[in-house]
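Got the viewer open? Let's take a walk through this one, stop by stop, and I'll tell you what to select along the way.

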Amino acid sequence: MTYNIGLLGLGTVGTGTAEILLNPDGRSPLLRDIRIHRVGVRALNKPRTVDFEPGVLTTNLDAIVADPEIDIIVELIGGVERARELILAAIAHGKHIVTANKAVIARHGDEIFSAAQTAGVYVLLEAAVGGGIPIIQPLKQSLGGNRIERVTGIINGTTNYILTQMQDEGAAFDDVLAEAQALGYAEADPTADVDGFDAADKISILASLAFGGRVRYEDIDRQGIRNISPADITYAQQLGFTIKLLAIAQWSTAQNSLHLRVGPTLVTNHHPLASVNGVFNAILIDADPLGQVMFYGPGAGKGATASAVTADLLNITALLQSEKLEDGLHPLLTCTHTDYCPITPTEAVETRFYARFLCGDRPGVIGHLGTCFGDHNVSLESIVQIGYHQDQAEVVVVTHDVREGDFHAALDAIHGFEEIDDIHIASVFRVL
Ligand code: NDP
Ligand code: HSE
């Protein structure tokens with residue numbers, strides 16, 4: 001069974017998605033059942049990095065959403081009005097929807113989901129929040145046995161990248177923003193990122209899933225990062241804090257209501273969100289009875305976001321297949337493996353090692369060790385005599401990535417040293 005998709009948009013995320021679908025080897029076997037039928041863009045003559053058969057690329061997006069051969073529409077054009085129009089038209093034509101567009105969902109989610117309910121189709125949006133981080137599906141399913149108390153997120157990659165660069169490099173705001181745009185993280189209109197609109201869109205989606213009700217976008221208390229000066233970053237650091245743009249949705253049991261905010265916030269340096277840097281995102285969930293769980297990963301970019309889009313495509317494909325399969329089993333919930341994975345023998349694995357040796361303190365020990373490792377193809381990152389332990393010299397070795405087999409052969413040879421008969425291998429650990 002093959003399912004045809006209509007891809008609306010072939011920019012950063014559209015290209016990443018096409019690259020995954022056109023190269024399914026080593027990924028979920030279900031991907032082989034997904035075929036890109038049409039791709040809608042604004043300009044046909046723009047250079048592209050993926051090739052399609054003639055006629056696949058078109059500027060007629062209205063025809064794509066109405067095409068009877070298409071099962072799923074993947075909306076990746078961004079923006080609000082045109083995206084809304086196309087999604088609603090596709091739903092009216094009975095298509096399932098996958099979108100990465102948080103803006104259209106945050107503003108028109110009620111209309112879109114009501115239409116989807118009526119039409120009996122799915123609207124999935126894993127890529128809309130947290131880029132490549134799986135967070136929508138966990139909130140819908142895996143955490144369903146919990147009462148969510150608070151969602152705290154760094155959910156805009158561009159602003160986190162800007163703040164990190166300003167803090168680490170002392171870089172100027174405008175320069176870092178231009179860099180983020182060149183890397184494909186920032187929205188076409190950077191106001192959406194910098195002034196907190198994008199994070200507000202995303203927290204409204206997360207809150208709605210976490211707290212089981214729709215959220216009005218205008219109810220979010222929102223502030224961006226334009227007013228953060230280098231002085232604020234320096235003083236915060238001196239006081240042991242890092243400034244992050246946090247999006248928070250907090251349930252108050254006392255008031256039986258939800259508070260939503262987006263704004264620059266000082267977090268203590270030992271808080272789990274303080275070390276989330278660059279374009280990375282993280283979402284910290286406080287839940288009862290689970291406690292605290294953090295989802296962390298690349299929050300924007302071509303491959304990461306395409307990974308989340310593909311996850312939604314797989315979910316819909318699996319559902320469509322299970323409806324048609326005789327046993328009715330859902331391919332993503334059943335075990336379909338019949339073969340064992342090929343296993344790499346430990347001696348063939350490449351890794352770094354730490355080893356500590358104890359031996360008599362006399363000339364030539366370090367030289368012998370170094371030569372022996374070299375003879376067995378083990379390249380050393382460092383070899384130092386650290387000190388003494390019960391009258392014996394302590395020598396510590398850290399290797400580069402080496403074959404385990406070579407490393408252990410070197411250790412066996414060291415064991416048998418005639419020149420240094422009192423050498424003793426005190427400890428050996430792998431280094432990641
Ligand atoms: P891009 O600007 O890179 O690409 C947009 C694509 O849509 C282009 O191919 C463009 O065509 C096409 N397009 C835009 N408007 C129209 C229109 N009116 N008619 C026809 N085609 C149109 O956007 P991204 O890939 O970065 O973003 C896509 C979506 O994913 C957005 O909703 C964004 O918020 C979301 N997202 C993006 C992330 C990222 O890291 N970039 C991360 C998470 C979500 P053409 O190529 O001809 O110009
Ligand atoms: N512009 C967004 C960001 C893209 O920087 O996080 C991911 O949604």
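## The whole chain first

Before zooming in, take stock: the protein has 13 helices and 17 strands. What you have on screen is a predicted model. Show just the C-alpha trace and you'll see that it spans about 85 × 55 × 50 Å along its principal axes. Now colour by accessibility: 48% of the 432 residues count as buried. How many contacts join residues at least 24 apart, among those between residues at least 6 apart in sequence? The share is 68%.

## Stop one: α1 against α11

Select residues 12–22 for helix α1 and residues 302–324 for helix α11. These two pack at an angle of about 60 degrees, and their axes are 8 Å apart. Angles under 35 degrees would count as roughly parallel and those from 65 to 115 as roughly perpendicular, so α1 and α11 are oblique to each other. Their crossing is right-handed.

Now turn on side chains. On the α1 side, the contact is made by Thr 12, Val 13, Thr 15, Gly 16, Thr 17, Glu 19, Ile 20 and Leu 21. Facing them from α11 are Lys 302, Thr 305, Ala 306, Ser 307, Val 309, Thr 310 and Leu 313. By type, this contact divides into six nonpolar, seven polar and two charged residues.

## Stop two: α12 against α13

For another helix pair, select α12 (residues 365–375) and α13 (residues 404–415). Here the angle is about 140 degrees and the axes are 9 Å apart. Roughly antiparallel begins over 145 degrees, so this pair is oblique too. α12 passes α13 in a right-handed crossing.

Which residues make the contact? From α12 come Leu 369, Cys 372 and Phe 373, and from α13 come Phe 407, Ala 410, Leu 411, Ala 413 and Ile 414. Colour them by type and you get eight nonpolar residues, no polar ones and no charged ones.

## Stop three: salt bridges

Side chains of opposite charge can pair when their charged atoms come close. In this model the count comes to 17 salt bridges. Let's visit a few.

Start with Arg 352 and Glu 381, whose side chains meet in a salt bridge at 2.7 Å, N to O. Arg 352 sits in strand β13 (residues 350–359) and Glu 381 in strand β14 (residues 380–389), so to speak a link between distant parts of the chain, 29 residues apart. What about accessibility? Arg 352 is partly exposed at 22%, and Glu 381 is partly exposed at 42%.

Stay on β13 and pick Arg 356, which forms a salt bridge with Glu 394; their closest N and O atoms are 2.7 Å apart. Glu 394 belongs to strand β15 (residues 392–399), 38 residues away from Arg 356. At 14% relative accessibility, Glu 394 counts as buried.

Next, select Glu 404 and Arg 430, which meet in a salt bridge at 2.5 Å, N to O. Glu 404 is in helix α13 and Arg 430 is in strand β17 (residues 424–431), so the bridge ties together parts that are 26 residues apart in sequence. Are the two partners buried or exposed? Glu 404 counts as buried, at 3% relative accessibility, whereas Arg 430 counts as exposed, at 54%.

One more selection: Asp 62, Arg 82 and Glu 85, which are joined into one network by salt bridges that share partners.

## Last stop: the backbone in three loops

Switch to backbone view and go to the loop between β11 (280–288) and β12 (291–298), where Pro 289 lies. The peptide bond leading from Asp 288 to Pro 289 is cis, with omega near 10 degrees.

Then jump to Asn 256, in the loop between β9 (241–252) and β10 (257–268). Its phi is near 55 degrees, a positive value in a residue other than glycine. Asn 256 counts as exposed, at 57% relative accessibility.

Finish at Asn 377, in the loop between α12 and β14. Asn 377 is not a glycine, yet has a positive phi of about 70 degrees. Its relative accessibility is 59%, and Asn 377 counts as exposed.

Conventions
Residues are numbered from 1 along each chain as its sequence is written. Chains are lettered from A and ligands numbered from 1 in the order in which they are written. This is a predicted model: local features need pLDDT of at least 70, side-chain atom pairs count only at pLDDT 80 or more; totals for chains, interfaces and linings use all residues. Side-chain values use heavy atoms; hydrogens and water are left out. Axes are lines fitted to C-alpha atoms, for helices over the stretch in contact, and angles run from 0 to 180 degrees between N-to-C directions. Helices (H or I, at least four residues) and strands (E, at least two) are DSSP runs, numbered from the N terminus. A crossing is left-handed if the near helix is turned anticlockwise from the far one by less than a right angle, and right-handed if clockwise. Contact means heavy atoms within 4.5 Å. Ala, Val, Leu, Ile, Met, Phe, Trp, Tyr, Cys and Pro count as nonpolar, Asp, Glu, Lys and Arg as charged, and the others, Gly among them, as polar. A salt bridge is a side-chain nitrogen of Lys or Arg within 4 Å of a carboxyl oxygen of Asp or Glu. Buried means under 20% relative accessible area, exposed over 50%, partly exposed in between (1.4 Å probe, protein chains only).
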